[in-house]
Amino acid sequence: MTVSNESGWPTIPVSEWADTRDTIQLMTQVVGKVRMVNTEVMSHWWNVVLYVSSRGMTTGLIPYGNRGFSMDFDFVDHQLVVLTTDGRRQSIPLRERPIADFYRDVMATLDDLDLSTDIWTMPVEIPGAIPLDTDRDHSAYDPDAAQRFWLALVQINRVFDSFRSRYVGKVSPSHFFWGACDIAVTRFSGRPAPKHPGGAPNCGPHVMWEAYSHEVSSAGYWPGPDGEGSFYSYAYPEPDGFRTARVGPAAASFDESLGEFLLPYTAVREAADPDAVLLEFLQDTYAAAADAAGWDRGALER
């Protein structure tokens, strides 16, 4: 199957694909948990994330004894592909069916490839979640919507990497966190942060303690709750004066309930220069956080 992407930034109205989005999030939780079980904890849980790839999203190489494997979401041919370092390959169709059936097939595939892995089946960061192995409520899968989401991630990932390249301090890769179903990039001041209060559904306090062990300015994109989703930017801990800072572009605003600056995806997609609009938002909100908190910007920026 050949993908046409002449328009660059695809339209992705949340109202048209929210059910598929929720199914994809649960699919990525199954795969992300497999990666988590088989890897050692890395700073801020970077060992569990997924990465945007040329056909979808990938775990990258996961160790398994003296072998290794990867799990790749292919949103072109709509399959989850499991590849091993000893040359074996199996795939699972991505289609409309209950998450419990997807979970069962993933576990069976891993068993067949001698990669048996037990995961905790309770989804994280989702209020009222249903265990993955019994969830028959979430089954939607619209191939076109899945592909559009991936193509949006391709554009976002590229701009995030450009923003990331401007920083010589500690900065995360551009990565997909399956807990919140968002792609994010995070800059660090190098200073420790106060212990995070936690509170995310089905996440012990140690999860957020690790994620926010050090002072951050973090930005990302989440496909919700309405419109076409939003880019966001926040600081932890939030310094005095951050939320009242003036940031661009004009479509950006501070959401008091979330404690984050938001920029609608639509405002970026419809701009004459989407990259410039998104980079302005990323740079201005980072500068607001760094200046308010007194970061040593001269030493941290390229």
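# Exercises on strands, rings and loops

Ala 184 stands opposite Gly 220 in strand S9. The model is predicted, so local features are reported only where pLDDT is at least 70 and side-chain atom pairs only at pLDDT 80 or more, while totals for chains, interfaces and linings use all residues. Residues are numbered from 1 along each chain as its sequence is written, and side-chain values use heavy atoms, with hydrogens and water left out.

**Exercise A.** Find which strands are joined to S9 by bridges, and decide whether S9 is enclosed or open.

*Solution.* Begin by locating the element: S9 covers residues 214–222, and strands (E, at least two residues), like helices (H or I, at least four), are DSSP runs numbered from the N terminus. Two strands pair if DSSP finds at least two bridges between them. One partner is S8, residues 182–192, which is joined to S9 by seven bridges and runs antiparallel to it. The other partner to note is S10, which is also antiparallel to S9 and linked to it through seven bridges; here Tyr 221 has Phe 231 of S10 as its bridge partner. Finally, turn to burial, where buried means under 20% relative accessible area, exposed over 50%, and partly exposed in between (1.4 Å probe, protein chains only). Seven of the nine residues of S9 are buried, so the strand is largely enclosed by the rest of the structure.

**Exercise B.** Trace the ring cluster that contains Tyr 221, and then classify the pair formed by Phe 242 and Phe 254.

*Solution.* Rings of Phe, Tyr and Trp (its six-membered ring) pair if their centres lie within 6.5 Å, and planes under 30 degrees apart count as stacked, over 60 as edge-to-face and the rest as tilted. Starting at Tyr 221, ring pairs link it with Trp 9, Phe 160, Phe 231 and Tyr 265 into a cluster. Phe 231 therefore appears twice in this set of exercises, as a member of the cluster and as the bridge partner of Tyr 221. Next, consider the whole structure, in which a search finds 18 aromatic pairs. In one of them, the ring centres of Phe 242 and Phe 254 are 6.2 Å apart and the planes stand at 85 degrees, so this pair is edge-to-face. The two residues, 12 places apart, link distant parts of the chain, with Phe 242 in the loop between S10 (230–236) and S11 (253–255) and Phe 254 in S11 itself. Both Phe 242 and Phe 254 are buried.

**Exercise C.** Describe helix H1 and the surroundings of Thr 23.

*Solution.* Start with the helix as a whole: H1 runs over residues 14–37 and has a kink of about 35 degrees centred on Thr 20, the bend at a residue being the angle between axes fitted to the seven residues ending there and the seven starting there. Because 17 of its 24 residues are buried, H1 is largely enclosed by the rest of the structure. Then take Thr 23, which lies in H1 and, at 1% relative accessibility, counts as buried. Beyond its neighbours within four places in sequence, Thr 23 is in contact (heavy atoms within 4.5 Å) with Ile 99, His 138, Ser 139 and Ala 140.

**Exercise D.** Set Arg 95 beside Asn 66, and state how each is placed and whether it is buried, partly exposed or exposed.

*Solution.* Arg 95 belongs to the loop between strand S6 (89–93) and helix H2 (99–112), and its 43% relative accessibility makes it partly exposed. Leaving out neighbours within four places in sequence, Arg 95 touches Met 27, Ser 139 and Tyr 141. Asn 66, in the loop between strand S3 (62–64) and strand S4 (67–74), is exposed at 78% relative accessible area.

**Exercise E.** Locate the cis peptide bonds that precede Pro 237 and Pro 249, and find the phi of Cys 181.

*Solution.* Most residues other than glycine have a negative phi, and most peptide bonds are trans. Tyr 236 and Pro 237 are joined by a cis peptide bond with omega about -10 degrees, and Gly 248 and Pro 249 by another with omega about 0 degrees. Pro 237 sits in the loop between S10 and S11, as does Pro 249. Cys 181, although not a glycine, has a positive phi of about 60 degrees; it lies in the loop between strand S7 (175–177) and S8 and is buried, at 2% relative accessibility.
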